[in-house]
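Welcome! Take a moment to turn the model around on your screen, and then let us walk through a few of its features together.

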Amino acid sequence: MHTVEKIGGTSMSRFEEVLQNIFIGQRQGAELYQRIFVVSAYSGMTNMLLEHKKTGEPGVYERFADAHNEDAWLEALDNVQQAMTAKNAELFEGEYELQAANRFIEGRISDVRDCMVSLQQLCSYGHFQLTEHLMKVREMLASLGEAHSAFNTVLALKKKGINARLADLTGWNQREPKTFQEMVRDSFDGIDLNNELVVATGYTHCSEGLMSTFDRGYSEITFAQIAATTGASEAIIHKEYHLSSADPTLVGVDKVVTIGRTNYDVADQLSNLGMEAIHPKAARTLRRAGIHLRIKNAFEPDHGGTLISQDYCSEKPCVEIIAGRKDVFGIEVFDQEMLGDVEYDLEITKLLRKLKLYVVNKDSDANSITYYVSASRKMINRASRLIEERYPMAEVNVHNVAIVSAIGSDLKVKGILAKTVAALAEAGISIQAVHQSIRQVEMQCVVQEEDYDAAIAALHRALIEPENHGDVIVAA
């Protein structure tokens, strides 16, 4: 009856608190075991290794891929090594642990440096192209961050007298890659969970190549597969916050409530809005294995958090969460020839997919379709231009919008649409479009981008806050 638990990079950077709150806490003896932890790299490390997730500032990978200046990526890799050894010095006061931590990461980085230099030299010959090997380089660099944090965690636990064991899924020095499932299965074969606390890397090296599909979302995929393969009783993700009824910075810390229970449908709606409780592919793995997911605040260990299951439905229809996203453009395509011709939708959807644009939602009427897309303005303009080239008679307009959603495991609330429209009208917000599916788990309102914050607050006040809504679900 073991658990598989994931700890993100921001939490791992507050390691002493995580050590006391999660890894050890009040546990003693046998209570310390029957747990597998999947750890991410310390906050900022993957940005340095690849590229900054938000700003796009190049890291080692981007500088190597640029291939114009060898010194640039070598210098960036040296900076990573300095940052990692500095983190080691922050974590370990004892000489033995500090030397062991430094030897481990310096050895890995030395191997990576030699490999990348050799690859660069090889690709100076015309028969070998660097672009054909870049994804492997990206995966190799990404694995350094998880290996660093996982190895250090095992060192720290052993120092506390806990029988910790590293499950290194990075495939370092492995002759041939295994499939994803084989890699996870073989790595846990023979481990005695009764007497060993296992710390696994968030990155898994496999023949499928996790990053080619999930890029930097691979750690949750690893986490879910470990839970499914080992038959976990529960999967737990430790975050820096609770899964709450809305963003507390928008509605007020005193107004939000923690969602005590919900289902995977709700988790998927949040993922669609870019507010992942868990990656949808990871959620699918857990659902198929019949494993419940718990979202906990890493710094409130005694709080039960939020339990997500397949079959949960609220006792009474209600709104559980108000969420949304601002980085949305509405691409409106109008053409009198569209009526009755489904090819328009099929062709434009293919085009958007080819450009790797994320479609949050879409709506249509007799002669127009609007796609609500998350992407940069540059990519949106390119998509608009290609649609006009494909359909010269069409009129294409781009709108800066935001999406605000009311989400719940059972959203069959009488009068919810009227209450929503009234709440936004009272706040002086004009609704551009409304979407509600028959499945009754989400209702989306499209508003002007500048109205996003006010719309979140208005809907939370009208649909969730206790004085206006008696069916709030709070943590058990």
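Which residues does UniProt list for "domain: Aspartokinase ACT"? The unreviewed UniProt entry gives residues 404–463 for this domain. Over residues 404–463 the chain is 38% helix and 28% strand, and the C-alpha atoms at the two ends are 13 Å apart.

Keep in mind that this is a predicted model. The chain has a mean pLDDT of 91, and 97% of its residues reach 70 or more. Over residues 467–476, however, the pLDDT is below 50. Beyond near neighbours in sequence, that stretch has 30 contacts in the model.

Now look for the second largest pocket, which holds about 360 Å³ of space. Its lining is made up of 16 residues, and C115, K136, M140, W172 and H205 lie nearest the centre. Two or more lining residues come from each of α6 (95–122) and α7 (134–159). With 5 residues, α7 gives the most to this lining. Sorted by class, the lining of the second largest pocket has 7 nonpolar, 6 polar and 3 charged residues.

Finally, meet two residues with a positive phi, N173 and D215. Neither N173 nor D215 is a glycine. Here they are side by side:

| Residue | Phi | Loop between | Relative accessibility |
|---|---|---|---|
| N173 | about 65° | β3 (164–167) and α8 (180–188) | 70% |
| D215 | near 45° | α9 (210–214) and α10 (218–230) | 28% |

N173 counts as exposed because its relative accessibility is 70%, over the 50% cut-off. D215, at 28%, is partly exposed.

Conventions: Residues are numbered from 1 along each chain as its sequence is written. This is a predicted model: local features need pLDDT of at least 70, side-chain atom pairs count only at pLDDT 80 or more; totals for chains, interfaces and linings use all residues. Side-chain values use heavy atoms; hydrogens and water are left out. pLDDT is the predictor's confidence in each residue, from 0 to 100. Contact means heavy atoms within 4.5 Å. On a 1 Å grid over the protein atoms alone, a cavity is a set of points where a 1.4 Å probe fits but cannot get out, and a pocket is an open set with protein on both sides within 12 Å along at least five of seven lines; lining residues have an atom within 4 Å of a point. Grid points are joined across faces, edges and corners, and a volume is the space filled by probe spheres set on the points. Helices (H or I, at least four residues) and strands (E, at least two) are DSSP runs, numbered from the N terminus. Ala, Val, Leu, Ile, Met, Phe, Trp, Tyr, Cys and Pro count as nonpolar, Asp, Glu, Lys and Arg as charged, and the others, Gly among them, as polar. UniProt positions are given in the numbering used here, feature names are shortened, and annotations may be inferred rather than shown by experiment. Buried means under 20% relative accessible area, exposed over 50%, partly exposed in between (1.4 Å probe, protein chains only).
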